[in-house]
Amino acid sequence: MSTENEGTAVPPAPSAPPPAPVDAPAAPAHQGHPAAAQGPAPSAPPQAPAQNTDQAYGSGPQAPVGETGWGPHDAHGNQDPAPSSSAPDASWPPPPPPSTPSYGDGGAGHGSGGWGSSYQQQPAPKNGGGRGRLLAAVLVAALVAGGAGGGLGYTLAKENDSNGSTTVSSSTSGGNVKRDPGTIAAVAAKALPSTVTIEAESSSGEGGTGTGFVFDKEGHIVTNNHVVAEAVDDGKVTATFPNGKKYDAEVVGHAQGYDVAVIKLDNAPSDLNPLPLGNSDEVAVGDSTIAIGAPFGLSNTVTTGIISAKNRPVASSDGSGSQASYMSALQTDASINPGNSGGPLLDAQGNVIGINSAIQSTSNGGFGTGQAGSIGLGFAIPINQAKYVAQELIKTGKPVYAKIGASVSLEDAVGGAKITEQGAGGSEPVDPGGPADKAGLQPGDVITKLDDRVIDSGPTLIGEIWTHKPGDEVTITYERDGKERTTELTLGSRVGDS
C-alpha cells in the first residue's frame with residue numbers, strides 16, 4: 001500500500017457546479033416555465049494509488065530490518081513509485097521505493113400555488129338561522145385553537161411585507177450553551193490554542209504548510225519530519241497559533257525513518273499549555289477520534305471520526321529521494337487532507353494518541369491542485385512511539401533506531417519478512433555479531449511473527465521493530481526449510497539517519 005503527504009496549496013473554488021445527472025425522464029413543464037435542460041451523467045473518477053498527507057513516499061525492494069519500508073503517501077499528496085528488486089544496505093534503509101469532486105444540484109421548479117400564490121377572500125356569511133349560528137360557533141372555536149399560530153403567521157407576514165425579511169431569535173445565545181467535558185466542542189476549544197500551523201521554507205524559497213502541537217512549556221513543537229524537511233539546512237520555519245501570534249522557530253532534530261521532527265519557538269511565550277499525551281497502546285478500534293490541522297492551508301480545522309484499525313504497516317517519504325519512514329500506524333476515518341500532517345489525533349478526552357501523517361487516496365488530483373484528498377483512510381504515528389523519538393531529538397538532536405541487524409526483502413509475496421541472500425552493495429545480509437546473527441537467523445529465513453504480532457512482509461517487520469526501543473527482548477518466529485522455529489533476540493541500536 002502506498003500513501004502520500006498533505007499538500008499546502010489552497011485551490012480556487014469552482015465557478016459553478018456541473019449539472020446533476022438525470023435518472024428518469026422529466027415531467028412535462030408547467031405552463032409558462034419550460035423544463036430545465038438535462039445534462040449528461042458524469043463519468044466515474046479515475047482510480048489511483050494512495051497518498052501521503054504532505055509528500056509522496058517511495059520504497060525500495062529490500063531493506064535492513066528496522067531501517068526501511070514501504071507504504072502510503074504522506075499528508076502532502078505525493079505518490080510512491082513501484083518498488084524495485086535490488087537488495088538494501090544492511091546499515092540503513094535503501095532509497096524510498098519507488099477526483100475530481102462531483103457536484104450535485106437540485107433542480108428548481110415551479111408548481112401551482114405555494115409561496116407567492118394569490119389568496120381569494122371568501123364571501124361573508126349571511127345573517128340567518130341556527131345553521132349560520134352553528135357555523136359561526138365552529139369558526140370561533142377554530143380561531144381560538146389556532147389563535148397563536150394565526151397571530152404569529154400574521155405578524156411574520158406583516159413584517160415580511162414591511163421589511164422584506166424575518167428572523168426568529170433564540171432565548172439563549174451560543175455563549176450560554178454548556179459544553180460538557182468530552183464533547184467535541186469542549187475538546188476542540190481546549191486543544192486548538194495548543195496547535196500551530198507550520199510554514200517551512202528552504203533557502204531557495206521552496207516549502208509548504210503543515211501542523212504541529214505544543215509538546216512542553218519550553219517551546220518545543222512536535223510535527224512530522226516531512227513538514228520541515230525543506231527547512232532543515234539553512235531554511236526558515238514559522239509557527240502560527242490560532243490567536244494569530246506568529247513565531248520564528250528552529251529545527252531541533254528530525255528523524256526521517258520515524259517521520260517525526262521537533263522545532264523550538266524563538267522567544268516562546270510563558271503561557272504555553274502542552275497537550276496531554278495519551279496511551280496509544282490502549283486505543284481500541286471504534287474509539288472516537290478528533291483531528292486538528294490545516295488542510296489545504298485552512299488553519300485550525302477540526303474533523304472527527306473513529307479508530308478504524310491498529311498496527312497498519314505504512315511507509316512514506318518527504319519526496320526528496322531520502323530514506324523512507326515506517327510506522328505501525330493508527331488508521332482513522334477522520335478527514336485528513338494535505339496540510340494536516342504533523343497535527344494531533346486526539347481521543348474523546350482530548351489526549352493526543354497519534355500524529356497525523358499520511359493518507360490513502362484513489363485520486364492524484366482534485367480541485368485542480370494535483371493533490372489527493374481524504375477518502376476516509378488516514379494514518380497516524382502512535383504517540384507512544386512519537387513521544388520516545390521526540391524526547392531523544394530534544395536530548396541529543398538525533399534519532400535512535402532499534403534494529404535486528406539483517407536485510408529483508410520488501411516484496412509482499414513471500415508470506416513474511418524474508419532475510420535476503422545478499423545485502424546492499426555487496427555487504428553481508430546478516431551483520432556478523434549483530435542481534436540476528438546471535439539469535440541464529442540466516443539468509444533465506446522468513447520471519448512470520450515478532451512476539452504475538454503476525455508479520456506478513458518486510459515493511460510490516462520494520463514498522464513493528466520501530467515501535468520498540470534498543471535493548472528490548474523480542475521473540476522471533478521464522479520458517480526455514482519448511483519448518484517453523486522460534487528464537488529470542490535482543491534489539492540493537494543505530495544512531496542517526498545515515
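# A walk through the fold

Select Glu473 to start: this residue stands opposite Thr490 in strand β22. Keep in mind as you click around that what you have open is a predicted model.

**Stop 1: the hairpin**

Now widen your selection to residues 473–480, which make up strand β21, and residues 483–490, which make up strand β22. The two run antiparallel and are paired over eight bridges. Follow β21 to its end and you come to a turn: two residues sit between the strands, and the whole thing is a hairpin.

Click on Asp481 in that turn. What is its phi? It is positive, about 55°, although Asp481 is not a glycine. That's worth a second look, because most residues other than glycine have a negative phi. Is Asp481 buried or exposed? With 72% relative accessibility, Asp481 counts as exposed.

**Stop 2: the other side of β21**

Strand β21 has another partner to show you. Select residues 446–450, strand β19: four bridges join β19 to β21, and the two run antiparallel. For a single pair to zoom in on, try Leu450, which stands opposite Ile476 in β21.

**Stop 3: a covered helix**

Next, pick residues 458–465, which form helix α7. How many of its eight residues are buried? Eight of the eight are, so to speak, tucked away: the helix is mostly covered. Among the buried ones are Gly458, Pro459, Thr460 and Glu464.

Stay on α7 and click Leu461, also buried. Together with Leu489, Leu461 has the most contacts inside the largest nonpolar core, a set of 57 residues. Which helix gives this core its largest share? Helix α5, residues 383–396, with six residues. Apart from this core lies another one, of 17 residues; to find it, select Val227, Val228, Ala231 and Phe241, which are among its members.

**Stop 4: the barrel**

Time for the barrel. Show strands β4, β5, β6, β9, β8 and β7, in that order: these six make a closed barrel with antiparallel pairing. On average, neighbouring strands of this sheet are turned by 40° against each other, direction ignored.

Where does helix α5 come in? It packs on this sheet, touching β5 (207–214), β6 (220–223), β8 and β9. Compare directions in your viewer: that of α5 makes about 55° with that of β9.

To see β4 meet β7, select residues 195–201 and 236–240. These two strands pair in the antiparallel sense over five bridges. One residue to click on in β4 is Thr197, whose bridge partner in β7 is Thr240.

**Stop 5: another positive phi**

While you're at the barrel, go to the loop between β8 (246–255) and β9 (260–265), and click Asp259 there. Asp259 is not a glycine, yet its phi is positive, about 60°. Is Asp259 buried or exposed? Its relative accessibility is 1%, so Asp259 counts as buried. Flip back to Asp481 in the loop between β21 and β22, and recall that Asp481 counts as exposed.

**Last stop: zoom out**

Finally, show everything. The protein has seven helices and 23 strands. Of its 498 residues, 45% count as buried. Turn on the surface too: the accessible surface comes to about 24400 Å², and 51% of that belongs to carbon and sulfur atoms.

Notes:
Residues numbered from 1 in each chain as written. Predicted model: local features only at pLDDT ≥ 70, side-chain atom pairs only at ≥ 80, totals over all residues. Heavy atoms only, no water. Core = buried A, V, L, I, M, F, W, Y, C linked by side-chain atoms within 4.5 Å. Buried < 20%, exposed > 50% of the residue type's maximum accessible area, 1.4 Å probe, protein only. Pairing = 2+ DSSP bridges. Axes fitted to C-alpha atoms, helices over the stretch in contact; angles between N-to-C directions. Contact = heavy atoms within 4.5 Å. Areas by Shrake-Rupley, 256 points an atom, 1.4 Å probe, with all protein chains shown as cover.
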